[in-house]
Amino acid sequence: MNAADAALPRSFFERDALAVAPELLGKVLVRRAPEGTRAGRIVEVEAYRGEDDPASHAFRGPTPRTRTMFGPAGHLYVYFSYGMHWCANVVCAPPGQAAAVLIRALEPIEGVEAMTAARPGARRPVDVANGPAKLCEALGITGVDDGADLVVGDRAIQVLDDGTPAPDAPGVGPRVGISVAVDHPWRWFDAGSPFVSRAPARSAVTRA
DNA sequence: CTTTGGATCGTCT
DNA sequence: GACGATCCAAAGG
């Protein structure tokens, strides 16, 4: 984290989630706390849209749980999954539309020791934040952080641009863990990063 | 290496 | 009452 690191403007998020998602690769998700700062570079994301996306929590209109998704862009949408995990999204789209980008994996870059300590189950360094629930545990993100404004950092959680460009040719593929709309290639990841939640498709790799 | 099943509970039908 | 935008350990090849 350097002084030159800049928060992304609201306008960055007020666009189609399909446009925002790949551009989020390379950005930094930061959590500041009295005990120290924890941060990771975003290496994997998935886009979820609104009424035209059956896999999206916003598909059936606003509910108490998804109200953040229907709110202003640039906020954090955190939901509880499988009775034990938290997952974090960045709310996108112009006002009036509901969409979000799920952060699926991070490369730990600051407060690595604290992140690792927060994940006793991680066997290897790459396992600390290579999954949507894992990164929330590593950064200490829970339901109380739902609604945090990532642009102004009102709750010490932000998405920063440290000058690192998004990958020129990111990996693309279907979203993970869904049972509908499985044909949409709305998952993007840094194909060269060992910190993604799943390795690139084996079929696409030519063996020497 | 891949596959399978258990954990665990809020949310929406 | 069923089902997850998951993770992990254990069992099978």
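A polar contact is a pair of N or O atoms within 3.5 Å; inside protein, one atom must be able to donate a hydrogen and the other to accept it, and residues adjacent in sequence count only if both atoms are side-chain atoms. Welcome to these exercises on a predicted model, in which local features need pLDDT of at least 70 and side-chain atom pairs count only at pLDDT 80 or more, while totals for chains, interfaces and linings use all residues. Residues are numbered from 1 along each chain as its sequence is written, chains are lettered from A and ligands numbered from 1 in the order in which they are written, and side-chain values use heavy atoms, with hydrogens and water left out.

**Exercise 1. DNA strand B**

Task: Find out which residues are closest to DNA strand B, and which atom of the strand lies 2.6 Å from Tyr82.

Solution:
- Start with the surroundings. Nine residues surround DNA strand B, and Arg60, Thr63, Tyr82, Gly83 and Met84 are the closest. A residue is near a strand if one of its heavy atoms lies within 4 Å of it.
- Now look at the DNA side. Of the atoms of DNA strand B within 4 Å of the protein, 71% belong to sugar and phosphate.
- Then zoom in on Tyr82. One of its backbone N or O atoms is 2.6 Å from a base oxygen of DNA strand B.
- Finally, sort the residues by class. The surface near DNA strand B has four nonpolar, two polar and three charged residues. Here Ala, Val, Leu, Ile, Met, Phe, Trp, Tyr, Cys and Pro count as nonpolar, Asp, Glu, Lys and Arg as charged, and the others, Gly among them, as polar.

**Exercise 2. DNA strand C**

Task: Work out which element gives the most residues to the surface near DNA strand C, and which residues have an atom 3.2 Å from one of its phosphate oxygens.

Solution:
- Begin with the nearest residues. There are 22 residues around DNA strand C, and His57, Tyr79, Asn89, Arg119 and Lys134 come nearest. Sugar and phosphate make up 57% of the strand's atoms within 4 Å of the protein.
- Next, bring in the elements, which are DSSP runs numbered from the N terminus (helices, H or I, at least four residues; strands, E, at least two). Strands E4, E5 (85-92) and E6 (99-110) and helix H4 (132-139) each supply at least two residues. H4 gives the most, with three.
- Then check the phosphates. A side-chain N or O atom of Arg104 is 3.2 Å from a phosphate oxygen, and a backbone N or O atom of Lys134 is also 3.2 Å from one. For Pro132, a backbone N or O atom lies 3.3 Å from a phosphate oxygen of the strand.
- Close with the classes: ten nonpolar, eight polar and four charged residues.

**Exercise 3. Asp53 and Arg175**

Task: Decide whether Asp53 is buried or exposed, and find the ring that Arg175 lies over.

Solution:
- Locate Asp53 in the loop between strand E3 (36-48) and strand E4 (76-81).
- Apply the cut-offs: buried means under 20% relative accessible area, exposed over 50%, and partly exposed in between (1.4 Å probe, protein chains only). Asp53 counts as buried because its relative accessibility is 0%.
- List its contacts (heavy atoms within 4.5 Å). Leaving out residues up to four places away in sequence, Asp53 touches Ala47, Tyr48, Phe59, Arg175, Ala181 and Trp186.
- Follow Arg175 to the face of Tyr48, where Arg175 lies 4.6 Å from the ring centre. A charge sits over a ring if NZ of Lys or CZ of Arg is within 6 Å of the ring centre and within 35 degrees of the ring normal.
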